[in-house]
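These are my notebook entries on a two-chain model. I recorded what I looked up, entry by entry.

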Amino acid sequence: MALSRDAYKEFEGVVGMENISDDPVIQYAYRAPKITIILPSSTEEVQAVVRLCNKHKIPFKAQSTGWSFTPPNYDLLFLDLRRMNHIIEINEKNMYAVVEPYVISAELQAELFKRGLNCNIKGSGSTCTALALSGHGHMGITTSTGDRNDLATEWVTDEGEIVRLGTLGSSDEWFCGDGPGPSLRGILRSGGIITKQATKIYHWPGPTRFALEGASPRYTLPKVPPNMMVRYFSFPSIEKLVEAELKIGESEISYELMGFCPSMVSSNITTSNEEDFATLDRFTKDVQGPGFMVIIAGNFPEDFEYRRKVLEQIIKETGGKSLKVVEDPAVQSTLLFQCTRISASIRETFRAGGAFASILVQGQRYDMHVRWLEEAAEMKREMIRKGLVIADDGQQFGWAEEQGHLGHTEIFCRYNPYDAESLKAVKEWSEKVSQRGIDGCFAMPSSSVGMLPADVVGPRVSNYHLWFGEIKKAFDPNGIGENTGFSYAGKDTAGAHTPIYDRHSEEASAKH
Amino acid sequence: MGIEDYRGDIGMCCRCSACKHIPLQRVKGIEHSYACPSIARYNFHAYSGGGRLLIAREMLNSGFQYTDRLLDIVYNCQMCGACDISCKYAMDMEVLEPIYEFRIKCVEDGYTHPALDKVINSLRKQGTMVPAAKSKRGDWAAGLDLKDVTKEKVDVLYHVGCLTSYDKNMQKLAKATAKILQKAGVNFGIAGDAETCCGGRAYQMGYKEDFLNQAKKNMDMFKEAGIKTVVTSCADGYHAFKVLYDKYNLKGALEVLHITEYIDKLVKEGKLKLNKKVNMNVTYHDPCYLGRLSEPWIHWEGKRIPGYKFVFDPPKQYRRGTNGVYAPPRDVLASIPGVKLTEMDRIKEYAWCSGAGGGVNESNPEFARWTARQRLEEAESTGAQAIVTACPWGEKNFSEAIKESGSKLRVYDIVEVVEKAI
């Protein structure tokens with residue numbers, strides 16, 4: 001990076017020489033040839049780094065755990081926050097946990113399980129940050145979704161001011177994100193760096209630890225824990241599936257309602273691609289249409305029995321069909337620990353072909369979103385027929401959040417990122433589906449490949465991007481903070497990244 | 001075989017960071033959730049399994065440029081394989097093999113570490129990984145009246161290993177092992193001064209040719225002496241004989257057993273009685289090369305099936321650490337009256353490394369000791385009085401870390417505990 005030696009020395013003075021590097025080899029690992037990487041260990045160090053960035057007009061960007069992410073490929077200072085890895089507090093009485101950015105969800109959840117508590121975990125898996133902001137997860141029917149879970153937040157602005165949001169702004173308490181104290185939750189995505197955040201935590205009726213047996217990758221649970229049950233139901237139509245989801249939400253009987261397609265179920269319970277595809281073939285024959293997986297977790301036997309019976313009634317009323325293989329206690333157990341600890345997302349997404357491209361939307365799952373992504377599924381099936389993407393069932397998926405008041409809907413294509421034809425097809429599909437989302441007034445899409453630029457999407461949504469741009473300018477007068485793509489301040493840099501998959505044709509091993 | 005053969009695997013890395021943590025299902029809290037000592041100590045992504053693959057990918061595409069930082073990354077890795085196992089919980093791809101090949105390429109291209117060169121010179125001159133050894137390899141056995149396999153026929157060769165043979169503080173392990181085998185009435189012998197290094201640690205350091213030379217020397221000696229079964233108390237030796245010799249088609253029908261497997265067998269067959277009470281609360285450390293990396297080599301040759309899936313014809317079986325030697329040492333400890341075993345948070349396929357492998361002990365002792373201290377702290381958290389291991393290199397590193405830190409924890413090799421019980 002074009003960082004003067006004098007400036008470099010100043011940054012080094014903040015974090016120590018061990019924790020900053022612009023060596024090309026270090027850059028290779030971040031897939032960004034122009035960046036300087038810095039590893040702050042505290043809020044104060046983050047603040048000092050950001051202030052120096054402002055002093056020298058050096059763009060910067062921060063990363064927590066960086067799942068499937070590479071930094072931008074323009075000159076900047078890249079803050080890798082992995083040294084900020086502490087749980088600051090678990091407050092059982094007020095039901096929140098305060099974490100630094102590099103606490104992963106698996107760590108926080110394990111601590112919470114010991115206390116009969118749980119947290120929301122993003123669908124990308126428990127290797128990702130436990131910060132609340134952003135991220136939808138399988139347990140959303142109970143644990144809601146990322147940006148509904150963030151409470152008080154410690155935030156270093158793009159200018160280097162430490163702002164304490166919510167109750168933290170007026171006290172040392174973390175229990176509320178909106179005050180008494182400043183409430184700026186709506187603009188947190190516009191920049192700055194979150195250094196600590198409180199996240200809501202929830203009741204967990206399951207065991208304090210899953211007593212797993214066996215060795216990786218095939219862990220087993222000898223028996224389904226008491227008062228817990230897993231089922232997968234398929235339905236004759238989308239309408240019936242939606243009806244069942246809504247009834248389950250209304251009755252508040254389910255701990256988790258994950259609208260897995262059969263391919264996601266098979267990915268979770270299998271330990272290799274070959275086993276996965278063979279299992280999916282069997283599943284596909286046994287389902288009657290779209291479906292979901294549901295986890296019932298009772299607090300005591302009578303409670304469990306009540307929930308189980310209500311579920312039985314709902315399924316009867318909606319014509320649901322249970323996937324028999326999931327009734328097997330061994331399969332149930334596996335799905336139970338995989339899908340509450342969210343440890344197999346990588347199996348669901350990357351294992352099959354190496355990459356996936358997703359279109360996702362959060363909000364009102366039913367009617368609009370499901371219908372829109374059903375159209376996307378039809379388009380995807382065409383790609384499957386042409387052999388361009390992994391031949392799974394082609395379905396959209398999603399889940400209810402907050403007992404069905406909100407929802408998340410998504411569809412992805414798994415593909416070989418080194419196959420130019422596949423990549424092109426996936427990109428076109430992504431753009432087409434996104435465009436259809438705004439043209440049909442279905443939703444404002446977010447996609448990982450072929451994302452529509454902010455100045456295409458913005459005018460359809462009250463020019464939000466311009467308003468965000470104004471906010472951005474107010475907080476970042478030097479224009480050096482991250483331009484996230486949610487905001488728009490002259491240029492959209494969201495696409496200026498080197499993909500994790502380079503463009504060289506990669507030949508697989510001929511022999512090992 | 002070379003790093004080029006792993007392009008496909010390298011390209012599969014999705015930067016999920018699974019390689020940095022133990023398999024997520026095994027995370028028990030905020031403590032002891034990290035898998036890889038290198039990224040835990042140095043923090044830049046480059047020091048993780050995934051980071052190493054991304055560096056390899058860049059260099060495969062743009063050419064290998066050797067810099068001090070690159071070599072720092074390459075040699076500050078214990079080759080413990082934790083990244084490989086965590087990745088393969090979810091993915092079908094090789095991680096440790098390309099990391100091995102990268103290091104081998106460094107050595108082949110002349111980019112070695114001076115401290116490792118010193119060790120390898122010792123290997124070339126004296127057949128040992130313990131430089132400046134003044135005694136002879138078989139001196140430890142003086143007066144024990146052990147059979148010499150080069151002169152007498154035996155059922156079992158006890159391969160002692162470099163550190164146990166030459167390090168005066170570790171020779172107690174050889175003596176304990178011999179005593180145990182004698183007590184069980186095993187017809188065994190040693191090769192004495194004719195024993196030579198297995199080559200395993202040279203391979204970990206990247207000196208593949210030196211490893212192959214040692215492997216050939218050993219197999220020639222075994223053949224000449226009619227050796228069909230080798231028992232060793234060194235985890236690195238066990239891995240070399242069992243896995244690496246097989247990988248390079250040198251093992252033939254040789255039966256290879258670690259001493260923990262053999263003692264377990266002798267106890268279960270009633271040939272060895274562990275009668276004496278040993279009142280001790282212990283925790284057990286799974287050595288990387290006895291645990292997750294000890295699965296038999298899987299010979300496979302095939303091609304990726306063209307298309308969008310990462311699948312092969314014939315299907316590729318992966319070594320995922322599932323079938324390491326986990327039960328025998330635990331069964332042995334369980335069979336000793338008075339021994340109470342309390343497990344650490346990270347065990348078996350997801351055990352934290354002792355720090356002693358991959359040449360780090362020699363090239364960066366501070367990092368080796370740092371890694372050991374992390375493990376000792378984990379051991380202490382169990383309330384155990386002692387940490388028991390099954391590898392002399394690990395025991396030595398633990399002992400030195402204990403000396404530095406002032407920890408009250410004691411460290412034993414498992415044969416020392418067994419010796420107390422007979």
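Which residue does Met280(B) stand opposite in S9(B)? I looked it up in the model, which is predicted, and found Val339(B) in that place.

**Entry 1: the sheet of chain B**

I then looked at how the two strands are paired. Strand S6, residues 280-284 of chain B, and S9(B) run in the parallel sense and share three bridges. I followed the pairing outward and noted an open sheet of four strands in chain B, with parallel pairing and the order S9-S6-S10-S11. I marked strand S9 (339-341) and strand S11 (410-413) of chain B as the edge strands, since each pairs on one side only. From one strand to the next, I noted a twist that averages 35 degrees.

**Entry 2: a crossover in chain B**

I next turned to strand S4 (residues 229-232) and strand S5 (residues 255-258) of chain B, which pair in the parallel sense over four bridges. For Val230(B), I recorded Val256(B) in S5(B) as the bridge partner. What handedness does the β-α-β crossover from S4(B) to S5(B) have? I traced the chain from S4(B) through helix H12 of chain B, residues 235-247, to S5(B) and entered the crossover as right-handed.

**Entry 3: helix H14 of chain A**

I checked the span of helix H14 (residues 420-439) of chain A. Its 20 residues reach 28 Å from the first C-alpha to the last, close to the 28 Å expected at 1.5 Å a residue. I listed the buried residues of H14(A), among them Leu423(A), Val426(A), Trp429(A) and Val433(A). Also buried in H14(A) are Ser422(A), Ala425(A), Ser430(A), Ser434(A) and Gly437(A).

Why do the buried residues of H14(A) line one face of the helix? I looked down the axis of H14(A): the buried residues fall within an arc of 165 degrees, and therefore they line one face. On the face turned away from the buried side of H14(A), I found the exposed residues Ala420(A), Lys424(A) and Asp439(A). Just after H14(A), I noted that Cys441(A) takes a positive phi of about 55 degrees.

**Entry 4: where the chains meet**

I finally looked up the contacts between the chains: 69 residues of chain A are in contact with 59 residues of chain B. On the side of chain A that touches chain B, I noted that helices H2 (24-30), H4 (105-113), H8 (273-286), H11 (329-341) and H12 (345-349) of chain A each supply at least two residues. H2(A) gives the most to that side, with five residues.

How values were computed
Residues numbered from 1 in each chain as written. Chains lettered and ligands numbered in written order. Predicted model: local features only at pLDDT ≥ 70, side-chain atom pairs only at ≥ 80, totals over all residues. Pairing = 2+ DSSP bridges. Axes fitted to C-alpha atoms, helices over the stretch in contact; angles between N-to-C directions. Expected span 1.5 Å × (residues − 1). Buried ≥ 20, exposed ≤ 12 C-beta atoms within 10 Å, placed from the backbone. Arc of directions from axis to C-beta. Right-handed = clockwise from strand over helix to strand, strands pointing away. Contact = placed C-beta atoms within 7 Å.
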